Amino acid sequence: MAWSQDEERMLLQIERHLIDEDPRLAARLESFNERVQRKEGGGRGRGAGKGRGRSSRRLRRSTVIIMFSWLLIATLIATLLVMVLRHEAVAALPL
């Protein structure tokens, strides 16, 4: 949603006042905003790709969890098969 001209003007006045009153705080806020933008949007500018990095990370994390789960299931099945086959082999031996 776009801001009205009055809202834009008021925000610029607030920003100028903040820079004049506390330049260190203004610099820290600007640095924080830049880091957040880089982290979320890969440095593509304001609002570009907002949230994509996080959902992409979740997708990758869930994919790894699913792959690990399948590997664990396959390992358990293989272990059970080996145990059953060994038991049958031992049972088939003459005593």
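**Exercise 1. State how much surface the protein exposes and how little of the chain is buried.**

The protein exposes about 9100 Å², of which carbon and sulfur atoms supply 63%; accessible areas come from the Shrake-Rupley method with a 1.4 Å probe, and for residues only the protein chains shown count as cover. The model is a predicted one, in which local features need pLDDT of at least 70 and side-chain atom pairs count only at pLDDT 80 or more, while totals for chains, interfaces and linings use all residues. Residues are numbered from 1 along each chain as its sequence is written, and side-chain values use heavy atoms, with hydrogens and water left out.

Of the 95 residues, 3% are buried (buried: under 20% relative accessible area; exposed: over 50%; partly exposed: in between).

**Exercise 2. Describe the secondary structure.**

Three helices and zero strands are present, where helices (H or I, at least four residues) and strands (E, at least two) are DSSP runs numbered from the N terminus. Along the sequence the pattern is therefore written α-α-α.

**Exercise 3. Locate the salt bridge and characterise its partners.**

Step 1. The structure holds one salt bridge, defined as a side-chain nitrogen of Lys or Arg within 4 Å of a carboxyl oxygen of Asp or Glu.

Step 2. The partners are Asp-6 and Arg-9, whose closest N and O atoms are 3.5 Å apart.

Step 3. Both belong to helix H1 (residues 5-21); because they are three residues apart, about one helical turn separates them.

Step 4. Asp-6 is partly exposed at 47% relative accessibility, and Arg-9 is partly exposed at 42%.

**Exercise 4. Identify the surface patches and place one residue of each.**

Step 1. Patches consist of residues with over 30% relative accessible area and no salt bridge, like charges being joined within 9 Å and nonpolar side chains (Val, Leu, Ile, Met, Phe, Trp, Tyr) within 5 Å.

Step 2. Arg-24, Arg-28, Arg-35 and Arg-38 form a positive patch. Arg-28 lies in helix H2 (residues 23-41) and is exposed at 64% relative accessible area.

Step 3. A nonpolar patch comprises Ile-66, Trp-70, Ile-73, Ile-77 and Leu-81, together about 530 Å² of accessible area. Ile-77 lies in helix H3 (residues 52-92) and is partly exposed at 46%.

Methods. Lys and Arg count as positive and Asp and Glu as negative; His and the chain ends are not counted. The place of a charge is taken as NZ of Lys, CZ of Arg, CG of Asp or CD of Glu. Buried means under 20% relative accessible area, exposed over 50%, partly exposed in between (1.4 Å probe, protein chains only).
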